[in-house]
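Got your viewer open? Load the model below and follow along, selecting as you go.

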Amino acid sequence: MQYGSDELKEDALLEIADVYKNENNPTMQDQILQEFISKYPDSEQMDLVLYEAGECRFELKEGNQAVETLTSMLVKFPRSIYAEKARDLIRKIRKTLNNA
């Protein structure tokens with residue numbers, strides 16, 4: 001399978017984001033995901049990126065921004081394989097915000 005340069009760059013950024021996720025560094029993971037979102041808005045992987053960005057914002061205690069990001073993902077990709085996970089996470093975040 002041959003990749004164009006943008007696909008390689010996208011994959012590289014996602015790999016870097018995964019490294020930060022595995023190192024439990026949500027600040028750097030979020031920074032990489034935000035860079036991906038701004039550079040590759042039409043990426044085929046955007047549903048995953050938005051879901052992970054929402055998770056990241058929740059980890060960073062930015063619940064409202066997390067819900068906004070996850071809702072955006074659901075609006076843009078209602079049939080995504082990550083849709084149900086996004087809905088579950090939104091419910092969890094809202095419960096957390098209501099108990100704060």
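Start by selecting Gln29, which is buried at a relative accessible area of 6% (buried means under 20% relative accessible area, exposed over 50%, partly exposed in between, using a 1.4 Å probe and protein chains only). Gln29 sits in helix α2; helices here are DSSP runs of H or I with at least four residues, strands are runs of E with at least two, and both are numbered from the N terminus. Before you go on, note that this is a predicted model, where local features need pLDDT of at least 70 and side-chain atom pairs count only at pLDDT 80 or more, while totals for chains, interfaces and linings use all residues. Residues are numbered from 1 along each chain as its sequence is written, and side-chain values use heavy atoms, with hydrogens and water left out.

**Around Gln29**

What does Gln29 touch, not counting residues up to four places away in sequence? Show Ala17, Tyr20, Lys21, Glu52 and Cys56, and you have its partners. A contact here means heavy atoms within 4.5 Å.

**Along α3**

Two of those partners, Glu52 and Cys56, are among the buried residues of α3, so select residues 46-59 next. This helix has 14 residues and reaches 20 Å from first C-alpha to last, close to the 20 Å expected at 1.5 Å a residue. (The expected span is 1.5 Å times one less than the number of residues.)

Is α3 mostly covered or mostly open? Mostly covered: 11 of its 14 residues are buried. Color them if you like; the list includes Met46, Val49, Leu50, Tyr51 and Phe58. Now bring up α1, α2, α4 and α5 (83-99), because contacts within 4.5 Å are what counts as packing here, and the buried residues of α3 pack against these four helices.

**Asp47**

Stay in α3 and pick Asp47. With 12% relative accessibility, Asp47 counts as buried. Which residues does Asp47 contact, leaving aside neighbours within four places in sequence? Light up Met73, Phe77, Ser80, Ile81 and Tyr82. Try a C-alpha to C-alpha distance from Asp47 to Ser80: the pair is 33 residues apart in sequence and 6.7 Å apart in space.

**Two loops with a positive phi**

Most residues other than glycine have a negative phi. Just after α3, though, Lys61 takes a positive phi of about 65 degrees. You'll find Lys61 in the loop between α3 (46-59) and α4 (63-76), exposed with a relative accessible area of 75%.

Now jump to Asn24, in the loop between α1 (5-22) and α2 (26-39). Asn24 has a positive phi of about 55 degrees although it is not a glycine, and at 60% relative accessibility it counts as exposed.

**Zoom out**

Finally, show the whole protein as a cartoon. How many helices and strands are there? Five helices and zero strands. The radius of gyration is 14 Å, close to the 13 Å that the globule rule gives for 100 residues, so the protein is as compact as a globular protein of that length. (That radius is taken over C-alpha atoms, and the rule is 2.2 Å times the number of residues to the power 0.38.) Along its principal axes, the C-alpha trace spans about 50 × 30 × 20 Å.

Of the 100 residues, 37% count as buried. Among contacts with a separation of 6 or more, 44% come from residues 24 or more positions apart.
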